[in-house]
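Dear colleague,

I am handing over the structure below, together with an account of what was found in it. Please read the text with the model open beside you.

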Amino acid sequence: MAEDAREHRDNQGGQGRSEYHGVPANALPLTASEDRQWATLAHFGGILGCVPSLLIFLIFRDRGPFTAQESKEALNFSLPPTIAAVLANILVFIPVVGNIFAVIATLIWIALTCYSVAAGIHVNRGQPHRYQFNLRWIK
């Protein structure tokens, strides 16, 4: 095995380059149906908070314009409620008022789920969706 690698290196003029060298592969653009699918999943991902839309935005923003637009919208919408829900879940451990924060965290999750599912259904039809209440922190 080591002899094969050494022999390969010697055949390349001793440059010490690996046989697996080359340029990184560029990702292909998304087809129209894939673009709509990932945009829809970015909105449906709001059920789990802001992480799914963040991942979709970071991975697919350069591959599909509809996905870039809708994942950014979903991320901007789901980020503040996710932060609020995390804080409410941390405050649940306060002895006297913990139950109030548990109810608040649950209500945040229910609202985020309802709005995300409605947006996902809208986007799945190929129409862009704008949340009525959105801070749009990410430009």
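As shown above, this is a predicted model. The protein has five helices and zero strands, and from the N terminus on its elements run α-α-α-α-α. Of the 139 residues in the protein, 31% are buried. If one takes the contacts between residues at least 6 apart in sequence, 67% of them join residues at least 24 apart.

**How helix 2 packs**

Two helix pairs were examined, and helix 2 takes part in each of them. Its axis comes within 8 Å of the axis of helix 4, and the two cross at roughly 5 degrees; because of that angle, helix 2 counts as roughly parallel to helix 4. On the side of helix 2 the contact is made by Glu 34, Asp 35, Arg 36, Trp 38, Ala 39, Ala 42 and His 43, and on the side of helix 4 by Pro 65, Phe 66, Thr 67, Glu 70, Ser 71, Glu 73 and Ala 74.

With helix 5, the axis of helix 2 comes within 7 Å and the crossing angle is roughly 170 degrees, which means that helix 2 is roughly antiparallel to helix 5. Here helix 2 contributes Arg 36, Ala 39, Thr 40, His 43 and Phe 44, while helix 5 contributes Ser 116, Val 117, Ala 119, Gly 120, Ile 121, Val 123 and Asn 124.

**Helix 5**

Helix 5 has 27 residues and spans 39 Å from its first C-alpha to its last, close to the 39 Å expected at 1.5 Å a residue. Its buried residues are Gly 98, Ala 105, Leu 112, Thr 113, Ser 116, Ala 119, Gly 120 and Val 123, and what covers them includes helix 2 and helix 4. In reading that list it may help to recall that an α-helix has 3.6 residues a turn, so residues three or four places apart point the same way. After helix 5 comes Gly 126, which has a positive phi, near 90 degrees.

**Aromatic pairs**

A search of the whole structure finds three aromatic pairs. In one of them, the ring centres of Trp 38 and Phe 60 are 4.3 Å apart with their planes at 25 degrees, and the pair is therefore stacked, the cut-off being under 30 degrees. This pair links distant parts of the chain, since Trp 38 lies in helix 2 (residues 32-44) and Phe 60 in helix 3, 22 residues apart. Trp 38 counts as partly exposed because its relative accessibility is 26%, whereas Phe 60, at 9%, counts as buried.

Phe 77 and Tyr 115 form an edge-to-face pair, with 5.8 Å from centre to centre and 65 degrees between the planes. It too links distant parts of the chain, with Phe 77 in helix 4 and Tyr 115 in helix 5 (residues 98-124), 38 residues apart. Phe 77 is buried, with a relative accessible area of 11%, while Tyr 115, at 44% relative accessibility, counts as partly exposed. Ring pairs also bring in Tyr 131, so that Phe 77, Tyr 115 and Tyr 131 are linked into a cluster.

**Two buried residues, Ser 78 and Gly 64**

Ser 78 lies in helix 4 (residues 65-91) and is buried, because its relative accessible area is 1%, under the 20% cut-off. Its side chain is joined to that of Ser 53 by a polar contact of 3.5 Å. Once neighbours within four places in sequence are left aside, Ser 78 is in contact with Gly 49, Cys 50, Ser 53 and Leu 112; of these, Leu 112 is among the buried residues of helix 5.

Gly 64 lies in the loop between helix 3 (51-60) and helix 4, and it counts as buried at 1% relative accessibility. Leaving aside its neighbours within four places in sequence, Gly 64 is in contact with Leu 30 and Asp 35, and Asp 35 is also one of the helix 2 residues that make the contact with helix 4. The C-alpha atoms of Gly 64 and Ala 32 are separated by 8.2 Å, although the two residues are 32 apart along the chain.

With best regards

Note on methods. Residues numbered from 1 in each chain as written. Predicted model: local features only at pLDDT ≥ 70, side-chain atom pairs only at ≥ 80, totals over all residues. Heavy atoms only, no water. Helix = DSSP H or I, 4+ residues; strand = E, 2+ residues; numbered from the N terminus. Buried < 20%, exposed > 50% of the residue type's maximum accessible area, 1.4 Å probe, protein only. Polar contact = N/O pair within 3.5 Å; in protein donor to acceptor, adjacent residues only side chain to side chain. Contact = heavy atoms within 4.5 Å. Phe/Tyr/Trp six-rings, centres within 6.5 Å; stacked < 30°, edge-to-face > 60°. Expected span 1.5 Å × (residues − 1). Axes fitted to C-alpha atoms, helices over the stretch in contact; angles between N-to-C directions. Parallel < 35°, antiparallel > 145°, perpendicular 65-115°, else oblique.
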